[in-house]
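Colleague: I would like to go through the strand pairing and the chain contact in this model. Please show it first.

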Amino acid sequence: MSELTISRRGLLAGSALLLASTALPTIGFAQTPKKGGRLIVAADSEPRNLNPAIVASNGVFFISSKIVETLAEASSDGKDGLEPRLALSWEGAADGLSVTFKLREGVKWHDGKPFTSADVAFSALQIWKPLQNLGRTVFKDLAAVDTPDELTAIFKFAKPTPFQLIRNALPALSSVVPKHVYAVGKIEDNPANNAPVGTGPFKFAEYKAGQYYRLTKNDAYWGKDEPYLDEIVYQVLPDRTSAAAALEAEEIQLAAFSAVPLADLDRISKVPGLKVITKGYEGLTYQLVVEINHRRKELADLKVRQAIAHAIDKDFVVKTVFLGYAATATGPVPKNDPQFYTADVPTYAFDVAKANALLDEAGYKRADDGKRFALKLLPAPYFNETKQFGDYLRQALAAIGIDAEIVNNDSAAHIKAVYTDHAFDLAVGPPVFRGDPAISTTILVQSGIPDGVPFSNQGGYKNAELDALIAKASETLDTSARTELYKEFQKKVAADLPLINVAEWSFISVARDTVGNIANNPRWAVSNWADTYLES
Amino acid sequence: MSRLHRFFRTPEAIAGALILALLVAMALAAPLLFPGDPQAIAGPALLPPFQDWSLPLGTDRLGRDVLAELFHGARTSLAVGLAAAAAALLIGAAVGTLAGFASGLLDEVLMRVTDAFQTVPSFLLALAFVSIVGPSLGVVVAAIALSAWTGPARVARAEVLSIRERDYVAGARIIGMHPLEIAFREVLPNALPPVLALSSVIVAAAILTEAALSFLGLGDPNRVTWGGMIAEGRTVLRTAPFLSIVPGVALVLTVLGVYLAGEGVVESTAVRRSLS
């Protein structure tokens, strides 16, 4: 721990420099990245399994995307929104039965062995398809990976699989791990899951439970002159309020994933030396959704669902719960998605009188105490915002005569109550949109999903027409036809309201001014940080 | 000198009684002064106190009236505190009397059970209970009572042990009263005063435990509680400190009031004892 504490002299020197920098205001903006330095970052959770090929989630990527690389990364200006990482090019066959990847030459694993197409084949067939939370769906028809030479991997599918889907899945689902490390023994129990070996710009150095993760520079990285940083340290700060204080005290230089509470941003943006950055999360959109249990006879009635949609003041939610750091939602695809979003869907303006009229029409008249019926409302506990929206929704429902009783659970109990036991009437959930509706969005409304699958349709909703549309889209190869089908999907969901999309939000980073090249791609916080640098 | 007079002799007791009276008045007046749901959205979010006189203490992150929440929170705090203390005293006195009066095996069993409860930190016990059964007002009361009954049980047993040797107890035995009747009709009433003296401590602890449970998100989410208000305010501590300070001060004053009044009661009975 001693090497992480800040010496008094260092602090004095730092503040002297800060004073000097304010005295000389025009240092200029176009700075060339400096080499060296240790970046200290706040981490609010401590994932035990750090293998992104198995656990494709943002909490794991935040740390391990610097160590283990994917075939391609999201990019704001690259073709199809991608830029090459381990793969240099990708080509889908016209029949949808194969995708050919040309791999980067001269890449070495952290243990010195060369990276080859065999590693890609192993990762895809042995990990992404059978073990990965998201890969199970996307790669379900992957039958084989041919490796004609060391730098070519050809994915063969048993059924036509849209190339657009594979492309959109690359940034999050294609982490490549070394075959020679995982070949022996059970993959789930491999020690490299806790101390990952990859090809990325940083190597895993150590983890002290409850204290920090430390990554060191990979001198043999394939990127020219990269990485710039010598070390990245993830300081574990589980308490959200402490991240802001640690930034102000210069104990950390970066707090990503909204580690600083939204309510503090206004104040912190005025602190000299700190900047608030809203970019760098465009590819990680969370959706605030009201999940509905269609087994309740009241909620199975479309008029009641419409009434609830009309009772929610989305602008109020964005303004008050998210303090403006969000957007109102119209349907199951977020507005910031460049490929699929359509605004041409039925919308539900905030209108309490109309909501009341709809409920009267549906036959649920107010009783003498002004109440129509009672509901159980389970707000997901993962975010402050989901809990606060739960409080708001209870009030919004009270205004239309629905008496909602809030039931609070911890994360594990919430997942069990909603996705396994179905012991809810309404739930507030934060599903993630991952660049393609087929990855994690259609399962929110599709029927026939077994009990216990988290973040899927567990509300008993069944719509044959919608199921058919989803099935058709999953085997449509033509990109524009597929996109059209998903536009139709958005219209149908917005019209029939299997769930109610309220808002879309992403995260905020707060960093010291000295950290350069922040937020330069749509998944920056979970990208490899090879070009991130420190000025002082 | 009447008991009331003796009670009001010390300034601490007067202060305690005044605070308690204020609290009770707040709790009783809450539905009259602030009818309807105190959690209803009443104005713009995060309005600071003393800006708008219709919302004198400002609003929280969703725009709920802090003053209304404070008044309704007093109801919850007081109800939980009193109910939990009453339950704890009831269980404690019953267990203590049975153990003390029966002696032998039953005494051993009951006192070892009491020991077992005492070795687990009481807050941990309440926490575990609520997180398993699920948070609601009744469960919270039960959880606090469960962690607080051991003190009264021990005191009651000690009292009963000395009382049961008295002549009138022997007399009751001779006239053929049922042992349980003797225990609960003859012995218990005389063993009660020192047990009741514990009540102020228990009420104060119960109010604090309830606040702590709510603070950790284990209170009844459908009711306003001061602990829940502090927890809500904590996320915006730097920008809107009043959201935590207002209920925090109310909590401190309440516990102080209960404690001072309790001290006053103990003192007045102590004076009576030394006089007699």
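Colleague: Which residue in β7(A) stands opposite A:Leu142?
Modeller: The model is predicted. Strands β6(A) and β7 (residues 152–157) of chain A pair in the antiparallel sense, over 5 bridges. In β7(A), the residue opposite A:Leu142 is A:Phe157.

Colleague: Which strands of chain A stand at the edges of the sheet?
Modeller: The sheet is open, has 4 strands with antiparallel pairing, and follows the order β4-β5-β7-β6 (chain A). An edge strand has a single partner, so one of its sides is left without a neighbour in the sheet. From one strand to the next the twist averages 20°. The edge strands of chain A are β4 (87–92) and β6 (142–149).

Colleague: What angle does the direction of helix α3 of chain A make with that of β6(A)?
Modeller: Helix α3 (residues 117–128) of chain A packs on the sheet and touches β5 (98–103), β6 and β7 of chain A. Its direction and that of β6(A) make an angle of about 175°.

Colleague: Which residue in the hairpin of β4(A) and β5(A) takes a positive phi?
Modeller: β4(A) and β5(A) run antiparallel and are joined by 5 bridges, with A:Glu91 opposite A:Thr100 in β5(A). The hairpin has 5 residues between the strands. The residue with a positive phi, near 75°, is A:Gly96.

Colleague: How many residues on the side of chain B that touches chain A are charged?
Modeller: Chain B brings 18 residues to the contact, and chain A brings 18 residues. On the chain B side, 8 are nonpolar and 6 are polar. The charged residues there number 4.

Terms used:
Residues are numbered from 1 along each chain as its sequence is written. Chains are lettered from A and ligands numbered from 1 in the order in which they are written. This is a predicted model: local features need pLDDT of at least 70, side-chain atom pairs count only at pLDDT 80 or more; totals for chains, interfaces and linings use all residues. Two strands pair if DSSP finds at least two bridges between them. Helices (H or I, at least four residues) and strands (E, at least two) are DSSP runs, numbered from the N terminus. Axes are lines fitted to C-alpha atoms, for helices over the stretch in contact, and angles run from 0 to 180 degrees between N-to-C directions. Two residues are in contact if their C-beta atoms, placed from the backbone, lie within 7 Å. Ala, Val, Leu, Ile, Met, Phe, Trp, Tyr, Cys and Pro count as nonpolar, Asp, Glu, Lys and Arg as charged, and the others, Gly among them, as polar.
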